[in-house]
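Here is a walk through one protein model, from a single side chain out to the whole fold. Have the structure open as you read.

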Amino acid sequence: MGQCGITSSKTVLVFLNLIFWGAAGILCYVGAYVFITYDDYDHFFEDVYTLIPAVVIIAVGALLFIIGLIGCCATIRESRCGLATFVIILLLVFVTEVVVVVLGYVYRAKVENEVDRRIQKVYKTYNGTNPDAASRAIDYVQRQLHCCGIHNYSDWENTDWFKETKNQSVPLSCCRETASSCNGSLANPSDLYAEGCEALVVKKLQEIMMHVIWAALAFAAIQLLGMLCACIVLCRRSRDPAYELLITGGTYA
């Protein structure tokens, strides 16, 4: 009965190691997605809100690949030292993922104030005539998120760019995709996106933070199962004489 339980635990453990390799690829993809997506919004918040969760999640993904390799080798070779190392590394990565979840929630709560502070500055420095990186970022966000201004299109009236151009119009990136004849004029507000960009940038950032949090939680649960199976194999290997004789090829006296 004990040997059957050990075999079942080993089978589950090998299967989990294969899942770890798949998880490693998924986590690295999530981290890369965060980098690529936030690169277009990095003018609206500090880099720390982007880089810390993304770097940690990619590091965890790389560690999961190594963990899967160690776990497979330790399980196949029946190595007590290897399994113990496997459990310790899993525990360390589990703690790291808990930290990722905590950081994700902390940054998610702070992001609204951070975006509010930065977006005001970015809009004030907008230059549609000779656009710099920040100005291009504003046009990109307005086109991608279908928004205009900070809270609505009327915010543009308070910018230096609007006052200098004196043409009573907003950037063309505010124009709705369906308004083919739109020239940004405030005289035709129906041609412009009505929603402001601040709320949508915050929503986008918080959504991606939640993706990181849920990914970390899901794989933390898998790691807990992996640690449990490894501990079962380790404990029964040391307590079950029949299992020891099976490994060594010995027989009962």
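Is Trp161 buried or exposed? Bear in mind that what you're looking at is a predicted model. Trp161 comes out at 10% relative accessibility, and the cut-off for buried is under 20%, so Trp161 counts as buried.

**The aromatic corner**

Trp161 has company. Tyr123, Tyr126, Trp156 and Trp161 make up one aromatic cluster, and the count of aromatic pairs comes to four. Take the pair of Tyr126 and Trp161: the ring centres sit 5.4 Å apart with the planes at 90°, so this one is edge-to-face. Tyr126 is found in the loop between α3 (80-124) and α4 (133-145), while Trp161 belongs to helix α5 (residues 160-165), so the pair ties together parts that are 35 residues apart in sequence. Here is how the two partners look in terms of burial:

| Residue | Relative accessibility | Class |
|---|---|---|
| Tyr126 | 8% | buried |
| Trp161 | 10% | buried |

**Helix α4**

Next up is the helix that follows the Tyr126 loop. α4 has 13 residues and covers 18 Å from its first C-alpha to its last, close to the 18 Å expected at 1.5 Å a residue. Which residues of α4 are buried? They are Ala134, Ser135, Ala137, Ile138, Asp139, Val141, Gln142 and Leu145. A bit of helix geometry is handy when you look at such a list: an α-helix has 3.6 residues a turn, so residues three or four places apart point the same way. Right after α4 comes His146, with a positive phi near 55°.

**The whole chain**

Now zoom out. How many helices and strands does the protein chain have? There are seven helices and zero strands, so reading along the sequence you just get α-α-α-α-α-α-α. The chain runs to 253 residues, and 43% of them count as buried. Among contacts with a separation of 6 or more, 72% are between residues 24 or more positions apart. On the outside, the chain exposes about 13200 Å², with carbon and sulfur atoms supplying 62% of that area.

**What the record says**

The UniProt annotation, from an unreviewed entry, marks "transmembrane region" at residues 12-36, 48-71, 83-107 and 212-235. What does the model show for one of these, residues 83-107? That span is 100% helix and 0% strand, and its end C-alpha atoms lie 36 Å apart.

Conventions:
Residues are numbered from 1 along each chain as its sequence is written. This is a predicted model: local features need pLDDT of at least 70, side-chain atom pairs count only at pLDDT 80 or more; totals for chains, interfaces and linings use all residues. Side-chain values use heavy atoms; hydrogens and water are left out. Helices (H or I, at least four residues) and strands (E, at least two) are DSSP runs, numbered from the N terminus. Buried means under 20% relative accessible area, exposed over 50%, partly exposed in between (1.4 Å probe, protein chains only). Contact means heavy atoms within 4.5 Å. Accessible areas come from the Shrake-Rupley method with a 1.4 Å probe; for residues, only the protein chains shown count as cover. Rings of Phe, Tyr and Trp (its six-membered ring) pair if their centres lie within 6.5 Å; planes under 30 degrees apart count as stacked, over 60 as edge-to-face and the rest as tilted. The expected span of a helix is 1.5 Å times one less than its number of residues. UniProt positions are given in the numbering used here, feature names are shortened, and annotations may be inferred rather than shown by experiment.
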